[in-house]
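Here is a friendly walk through a structure you may not have met before. Take a moment to turn it around on the screen, then read on.

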Amino acid sequence: MNSASIPAPGRTRIKICGLTREEDVDAAVGAGADAVGFVMYARSPRFVSAGRAAELAARLPPFVTPVLLFVNASAPEIIAACARLPTALIQFHGDETPEACRQAGRPFLRAARIPLDENPATAGPRFDLVKYAQDFKAAQAILLDAHVDGFGGGGKTFNWSLLPPSVNAHLVLSGGLTPANVTDGILQVRPRCKTLAVDVSSGVEISKGIKSFEKINQFVAAVRAADDLLAKNHVHLPAT
C-alpha cells in the first residue's frame, strides 16, 4: 500500500485532567475536550471525592467522557466510585498489575512512567514500551507520563524522540504538556502508534487544581494546529 492510499490522520482526542471546579468542567467542554479527568488519589492536591466527581460529571454533555484516576486503590474502592459514575473510564496510575486492572471490570487506561533520563550512559535499562503495551493489551490505551518521585508526571516532559518507532497500541501523550509544546509532541509521537490522544493538567493551570480558561483554549488550538499539519503533510502513519 503506498502512502497516497493511507487515510489522513484523524483528530487528536483531548483530555483535561485534575478538574475540581464546575467552571473548569464547563471550560473544558466549551473548548472541545473529549474527556475530563478526576483524581481519586487522596495525596494529590487535585483530589476530589467520588461524590464530588459525580457532581462535576453531571455537568457533562453526551459524548464527553469522565475519567477516574486511581493510584493503587483497592477493587472495592474503585467499584464503589464507579457506581457513582457509571459512564466513567478508569485510569490506573500506580503499580497495578494487568490482573488488578482487569478486576475492576471496566474499560481502562494504563499509565506508563517513562524515565526522564533515557541516556544509556547515565540511566538504567531503557523502558520497554512495546513489552509494556503487550502486558497491558486489555487497556484501551497506554498513557505516557514522566517518571518522577511519587505518582503523576509532576509537570515534567520526557524525551519523546527516544520512544520506540512503532508501538502496536493506542497511546495518550501526557507529562508536562503545555500550549507551547503540545504541537511538537503530537508531531513526534503520532507516527509511532495506532492512534494518539493527549492529556494535560498542570499545563493549563493557574495553580494546582485551578484551571485557566485561556490556557485550555490555547492548548486545544495548539492540538488542532498539529492535526492540520499532519493532514497537510499527510504523514505516512501505521495502519490502525
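What follows is a short tour, from the whole chain down to single residues.

## The big picture

First, a word of caution: this is a predicted model. The protein chain is built from seven helices and 10 strands. It has 240 residues, and 49% of them are buried.

How does the chain meet itself? Take the contacts between residues at least 6 apart in sequence: 63% of these join residues at least 24 apart.

## Helix α2 and its covered face

Helix α2 runs over residues 50-57, and A53, L56 and A57 are its buried residues. Look down the axis of α2 and these buried residues fall within an arc of 95°, so they line one face of the helix.

What lies over them? The cover includes helix α1 (22-31), along with strands β2 (35-39) and β3 (65-70).

## Helices α6 and α7

Now move along to α6, where the buried residues are V182, T183, G185, I186 and V189. They span an arc of only 165° around the axis, which puts them on the same side of α6. Among the elements covering them are β7 (171-173), β8 and α7.

That last partner deserves a look of its own. Helix α6 covers residues 182-189 and helix α7 covers residues 213-233; their axes come within 8 Å and cross at roughly 35°. The crossing is right-handed. On the α6 side, the contact is made by V182, T183, I186 and L187. On the α7 side, F219, A222, V223, A225, A226, L229 and L230 take part. V182, T183 and I186 turn up in both lists: they are buried residues of α6 and they also touch α7.

## Two serines in loops

Where does S201 sit? You'll find S201 in the loop between β8 (196-200) and β9 (205-207). Is S201 buried or exposed? With a relative accessible area of 17%, S201 is buried, because the cut-off for that label is under 20%. Leaving out residues up to four places away in sequence, S201 touches C17, G18, R46 and K211. With K211 there is something extra to see: the side chains of S201 and K211 make a polar contact at 3.1 Å.

S212 belongs to another loop, the one between β10 (210-211) and α7. S212 counts as buried too, at 10% relative accessibility. Its side chain reaches the backbone nitrogen of K215 at 3.1 Å. Again setting aside residues up to four places away in sequence, S212 touches V204, E205 and I206. There is also a long jump in sequence here: S212 and E23 are 189 residues apart along the chain, yet their C-alpha atoms are separated by 9.8 Å.

## Cysteines without a bridge

How many disulfides does the structure hold? The count is zero. As a reminder, a disulfide is a covalent bond between the sulfur atoms of two cysteines.

Two cysteines can still be placed by their burial. C17, one of the residues that S201 touches, counts as buried at 6% relative accessibility. C82 is buried as well, with a relative accessible area of 4%.

## Loops with unusual backbone angles

Some background helps here: most residues other than glycine have a negative phi. Which way does F63 go? F63 is not a glycine, but its phi is positive, at about 75°. You can spot F63 in the loop between α2 and β3. At 80% relative accessibility, F63 counts as exposed.

N72 is another non-glycine residue with a positive phi, this time of about 55°. Its place is in the loop between β3 and α3 (75-84). N72 is partly exposed, with a relative accessible area of 40%.

## One more loop

To finish, find K137 in the loop between α5 (129-135) and β6 (141-147). Is K137 buried or exposed? Its relative accessible area is 65%, which makes K137 exposed. K137 and N168 are 31 residues apart along the chain, and their C-alpha atoms are separated by 9.4 Å.

Definitions and conventions. Residues are numbered from 1 along each chain as its sequence is written. This is a predicted model: local features need pLDDT of at least 70, side-chain atom pairs count only at pLDDT 80 or more; totals for chains, interfaces and linings use all residues. Side-chain values use heavy atoms; hydrogens and water are left out. A disulfide is a pair of cysteine sulfur atoms within 2.5 Å. Buried means under 20% relative accessible area, exposed over 50%, partly exposed in between (1.4 Å probe, protein chains only). Helices (H or I, at least four residues) and strands (E, at least two) are DSSP runs, numbered from the N terminus. A polar contact is a pair of N or O atoms within 3.5 Å; within protein, one must be able to donate a hydrogen and the other to accept it, and residues adjacent in sequence count only if both atoms are side-chain atoms. Contact means heavy atoms within 4.5 Å. The arc is that of the directions from the helix axis to the C-beta atoms. Axes are lines fitted to C-alpha atoms, for helices over the stretch in contact, and angles run from 0 to 180 degrees between N-to-C directions. A crossing is left-handed if the near helix is turned anticlockwise from the far one by less than a right angle, and right-handed if clockwise.
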